[in-house]
Amino acid sequence: MSIKTPLRLLGMVLTMGLFSACDMLEDVYDDPVVEKQEGQYYVDATDYAQWVYINLHTPVPTITISTISLDDLQETGAPQEWDIAHHRYDVKTNGASVLMTPYHSIEALEKAGLPSEGEWTTDEESEQCITVDMSHMMEGYLVYAPGHKNTTIGQWVEVDTSNMPPNYTMHDNVMLLRLADGTYAALQLANFMSTDSYQVKGWMTVNYKYPIFK
């Protein structure tokens, strides 16, 4: 015995199936899975003529180094995809805004929740953004390169040059970054010197978590 399905009913069934499939695909594409990562990275930012780029959108942070020419002050080797970049104690972002929080651990920030108040700052651009050549210091001048950097993150190492040698003060406040795609990342400076016995300044040890407050 065969069962005949009216064409009208069959069309309704096919349409319902089509909408169900579309709904499933819409969920997949509208809500991409972002793999959560957290830990610590350690980068050599000692060279004044380099930027060290960090991409937090990869399963583990991707690190790329670019070079600034002392001849024409042009930068080469910067990646297309990145989130933050280190130059000594300076940091620039790829379209992010930054909030310095009062918390001294990422766990404490998470427990408190996404801050509802505070001043978010974007990068500032200038013709004398970063120092790229210190060799002329005794002659009374330094060489600067144009660019942009975030002055809020730059507060994590305070350098007082009123006396010699300079006095360095580290601030381990957690920095909350609202990235260009609307996701959040947390960064905390753990150390600004190398972990060997030489303790060379400019080696940055950073605690991180991404994404946070998803």
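Two strands count as paired if DSSP finds at least two bridges between them. On that basis, strand β5 (residues 84-87) and β6 make an antiparallel pair, with four bridges. This is a predicted model, with a mean pLDDT of 88 for the protein. Its secondary structure comes to two helices and 15 strands, so here's a quick tour, starting with how far to trust the coordinates.

**Confidence**
- A pLDDT of 70 or more is reached by 84% of the residues.
- Residues 1-32 are the part to watch: the pLDDT there is below 50, and beyond near neighbours in sequence the stretch has two contacts in the model.
- Where pLDDT is low, don't read the predicted coordinates in detail.

**Overall numbers**
- Of the 214 residues in the protein, 34% are buried.
- About 13200 Å² is exposed, and carbon and sulfur atoms supply 53% of that.
- Take the contacts between residues at least 6 apart in sequence: 59% of them join residues at least 24 apart.

**The five-stranded open sheet**
- The strand order is β4-β3-β2-β5-β6, with antiparallel pairing.
- β4 (75-76) and β6 (90-93) sit at the edges with a single partner strand each, so one side of each has no neighbour in the sheet.
- Within the β5-β6 pairing, I84 has T93 of β6 as its bridge partner.

**I65, a residue in β3**
- I65 lies in strand β3 (residues 62-68).
- Its relative accessibility is 47%, so I65 counts as partly exposed.
- Leaving out residues up to four places away in sequence, I65 touches Q50, W51, V52 and G77.
- I65 and A85 are 20 residues apart along the chain, and their C-alpha atoms are separated by 9.1 Å.

**Nonpolar cores**
- The largest nonpolar core has 26 residues, and Y41, W156, L177, L187 and M204 touch the most other members.
- Elements giving two or more residues to this core are β1 (37-44), β2 (50-55), β13 (175-178), β14 (184-193) and β15 (201-210).
- β14 makes the largest contribution to this core, with five residues.
- L187 has a long contact list once residues up to four places away in sequence are set aside: Y41, I84, W156, N173, V174, M175, L177, V206, N207 and Y208.
- There is also a second, separate core of nine residues, with I68, C129, V132 and A145 among them.
- As background, nonpolar side chains tend to be buried together in soluble globular proteins.

Terms used. Residues numbered from 1 in each chain as written. Predicted model: local features only at pLDDT ≥ 70, side-chain atom pairs only at ≥ 80, totals over all residues. Heavy atoms only, no water. pLDDT = per-residue confidence, 0-100. Contact = heavy atoms within 4.5 Å. Buried < 20%, exposed > 50% of the residue type's maximum accessible area, 1.4 Å probe, protein only. Areas by Shrake-Rupley, 256 points an atom, 1.4 Å probe, with all protein chains shown as cover. Core = buried A, V, L, I, M, F, W, Y, C linked by side-chain atoms within 4.5 Å.
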